[in-house]
Amino acid sequence: MQEWVSNRNAIISMNREQIITRTADHVKGLLDGEGTGHDWWHVQRVWKSAVAIGTEEKVDLFIVQLAALLHDIGDWKFHDGDESVGPKMAKKWLEGLGVNGATIAHVCEIISGLSFKGAGTPTPMRTREGIVVQDADRLDALGAIGIARAFAYGGSKGREIHNPTVAPVQHASFEEYKKSAGPTINHFYEKLLLLKDLMNTPTARRIAEERHAFMEEYVRRFLDEWEGKA
Ligand code: ADP
Ligand code: NI
């Protein structure tokens, strides 16, 4: 009993900075060495850019940081398409740290709504904190790093890099998008090249435009080489 009381007091007195540090350590432990581009380094980049964008947008950086850190711990792509795993894991972790219910609910709402769900499925975020984390996550799917992550993910799922007989699809529903197993070059048309126009904040839009131009050039060269033109 005595021990329980002192543990609880330690939790209650944990400040925001300590909660962030503990959460970062926890996520690092879970995702370190992951090989599909959803590793700790991805989370660290999203964390940093979410803080940068969130500072511009003057939003609650505690919420932003917790959501950025916890957004990929239980991704549906690695849990048989089950979208409820990630938010549940985040909730359990934050409850264990004694974080208040409203904060937990907000963080879990952001994690639930973050993911791209196919060309035909809107993914609106209700709060300013949510749009910041969504932009930060999506920026990391673009540019040189985005290209590397796409092929790492495709390889991990045993996908072809390209197959000119398989046309890209603009998925009308999330269910269709979840089931897609096309070659990785198709993913550029099905998601990556669409992200620029889905950015929420001016800061992210500016960065996305540059990364988008680089990816367009990359795909152009890829297809030229494929056809022996370059
Ligand atoms: P989201 O939250 O939108 O699902 P993530 O941060 O989880 O985004 O990361 C998605 C990453 O996984 C992207 O970099 C993307 O390139 C890669 N990815 C997802 N689906 C595919 C796919 N079908 N083919 C290739 N890469 C994919
Ligand atoms: Ni992510």
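Helices here are DSSP runs of H or I with at least four residues, numbered from the N terminus. The model is predicted.

**Exercise 1.** Find the salt-bridge partners of lysine 178 and place them in the structure.

*Solution.* Start with glutamate 175, which forms a salt bridge with lysine 178, the closest N and O atoms being 3.8 Å apart. Both residues lie in helix H9, three residues apart, about one turn of the helix. Next take glutamate 83: its salt bridge with lysine 178 has the closest N and O atoms 3.3 Å apart. Glutamate 83 sits in the loop between H4 and helix H5 (85-96) and lysine 178 in helix H9 (residues 174-179), so this pair ties together parts that are 95 residues apart in sequence. Finally, check exposure. Buried means under 20% relative accessible area and exposed over 50%. Lysine 178, at 23%, is therefore partly exposed; glutamate 83, at 35%, is partly exposed, and glutamate 175, at 46%, is partly exposed.

**Exercise 2.** Identify the protein donors of the nickel ion (ligand 2) and locate histidine 42 and aspartate 137.

*Solution.* The donors are His42 (NE2), His71 (NE2), Asp72 (OD) and Asp137 (OD), 2.1 to 2.3 Å from the ion. Along the chain their spacing reads H-x28-H-D-x64-D. Histidine 42 belongs to helix H3 (residues 40-57) and aspartate 137 to helix H7 (residues 128-139); the pair, 95 residues apart, links distant parts of the chain. Both histidine 42 and aspartate 137 are buried.

**Exercise 3.** Name the residues that touch the most other members of the largest nonpolar core.

*Solution.* Among its 59 residues, these are Trp40, Leu70, Leu94, Val107 and Phe188. Helix H4 (residues 61-70) supplies the largest share of this core, eight residues.

How values were computed. Residues are numbered from 1 along each chain as its sequence is written. Chains are lettered from A and ligands numbered from 1 in the order in which they are written. This is a predicted model: local features need pLDDT of at least 70, side-chain atom pairs count only at pLDDT 80 or more; totals for chains, interfaces and linings use all residues. Side-chain values use heavy atoms; hydrogens and water are left out. Donors are N, O and S atoms within 2.8 Å of the metal (3.2 Å for Na, K and Ca); water is not among the atoms, so sites may look incomplete. Helices (H or I, at least four residues) and strands (E, at least two) are DSSP runs, numbered from the N terminus. Buried means under 20% relative accessible area, exposed over 50%, partly exposed in between (1.4 Å probe, protein chains only). A nonpolar core is a set of buried Ala, Val, Leu, Ile, Met, Phe, Trp, Tyr and Cys residues joined through side-chain atoms within 4.5 Å. A salt bridge is a side-chain nitrogen of Lys or Arg within 4 Å of a carboxyl oxygen of Asp or Glu.
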